[in-house]
Amino acid sequence: MSSVYGINRLFYEDARWFIGKLLLMYITLPLAIAWTILAVSVDLGDTLTSIVGPAYFFFIPAYGILAFKGLLPIAMGIGSTRTQLLKTFYLIGTSAILAYILFLNVFQLVIASLYHRGIASSSILHPGLLHSQEYLFLPYLWIDLMFALAMFGGAFFIYCLTYRVGITQTLIATMVIGISAMFLYYSGMLEGPIEWLLSLDMSAIAIFTVAGVVGLSALLATYPLMKNASLLPKGKKE
């Protein structure tokens, strides 16, 4: 078995287990079924159904960190290179998330369709409501994909940063940036850029697209960070 095939198989199996089984089959699907049964059998009033929360706020960011972290020493052990490892992670990771988002939106489409036909008493709670109060498959799918890429890329970028420079230095840099931003904001130096951004009057689709592009950029920015990284991360106190 070549190292390329081996690393592809490792990442594929890991994505299939974490995204396909844990998130899709054991979390999202049961949530979708449970909310559908409740909405069909009980009058939920103004309650909105949400099945995307676990993916947004735990599983996708966690996959961005744990998948690479867990497979790095194994991949090195079977003769893979860091560049091959990163390329495989980008390809399989984003493909797994895209496939999950597609299934997620099929479930959301079913729930929303039942509501609009008067069969169920609850529709879905989703950031796409900022774009349209009525469920629209493609815009909602796009928003989910962009948000997921932002979570995936952002989480992996933060992990890589702490891996290379250590948690302490990452926190110090974060605090310096945060405090600088605070002084700039309260001194009025950010008023111009903020007013310019507000004047753009961006739609919800555009805002989420920007978030997705930022997440994708953060994901690709990890390549120069990690392509020559040591096998061991910086110590926790560095």
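**View 1. Secondary structure of the whole chain.** In this predicted model, the chain holds 7 helices and 0 strands. Read from the N terminus, its elements follow the order α-α-α-α-α-α-α. Along the principal axes, the C-alpha atoms occupy a box of roughly 60 × 60 × 30 Å. Of the contacts in the chain with a separation of 6 or more, 81% join residues 24 or more positions apart.

**View 2. Surface, burial and charge of the chain.** The chain has 238 residues, of which 36% are buried. Its exposed area is about 13,300 Å², and 71% of that area is supplied by carbon and sulfur atoms. The chain carries 12 positive and 10 negative charges. The mean position of the positive charges lies 24 Å from that of the negative charges.

**View 3. Helix H1 and its kink.** Helix H1 covers residues 3–41, a run of 39 residues. From its first C-alpha to its last, H1 reaches 53 Å, close to the 57 Å expected at 1.5 Å a residue. A kink of about 45° in H1 is centred on Leu 24. Leu 24 is also among the buried residues of the helix.

**View 4. The buried residues of helix H1.** Towards the start of H1, the buried residues include Gly 6, Ile 7, Phe 11 and Ala 15. Further along, Phe 18, Ile 19, Leu 23 and Leu 24 are buried as well, the last of these marking the centre of the kink. The list of buried residues in H1 also includes Thr 28, Ala 32, Thr 36 and Ala 39. The packing partners of the buried residues of H1 are helix H2 (53–77) and helix H3 (82–116).

**View 5. Helix H4 and the glycine that follows.** Helix H4 takes in residues 137–165, 29 residues in total. Its end C-alpha atoms are 42 Å apart, in agreement with the span of 42 Å that 1.5 Å a residue gives. After H4 comes Gly 166, which has a positive phi, near 90°.

**View 6. Leu 184 in helix H5.** Helix H5 consists of residues 167–186 and contains Leu 184. The relative accessible area of Leu 184 is 32%; because this value lies between the 20% limit for buried residues and the 50% limit for exposed ones, Leu 184 counts as partly exposed. With residues up to four places away in sequence left aside, Leu 184 touches Met 189 and Leu 190.

Notes
Residues are numbered from 1 along each chain as its sequence is written. This is a predicted model: local features need pLDDT of at least 70, side-chain atom pairs count only at pLDDT 80 or more; totals for chains, interfaces and linings use all residues. Side-chain values use heavy atoms; hydrogens and water are left out. Helices (H or I, at least four residues) and strands (E, at least two) are DSSP runs, numbered from the N terminus. Buried means under 20% relative accessible area, exposed over 50%, partly exposed in between (1.4 Å probe, protein chains only). Contact means heavy atoms within 4.5 Å. Accessible areas come from the Shrake-Rupley method with a 1.4 Å probe; for residues, only the protein chains shown count as cover. Lys and Arg count as positive and Asp and Glu as negative; His and the chain ends are not counted. The place of a charge is taken as NZ of Lys, CZ of Arg, CG of Asp or CD of Glu. The expected span of a helix is 1.5 Å times one less than its number of residues. The bend at a residue is the angle between axes fitted to the seven residues ending there and the seven starting there.
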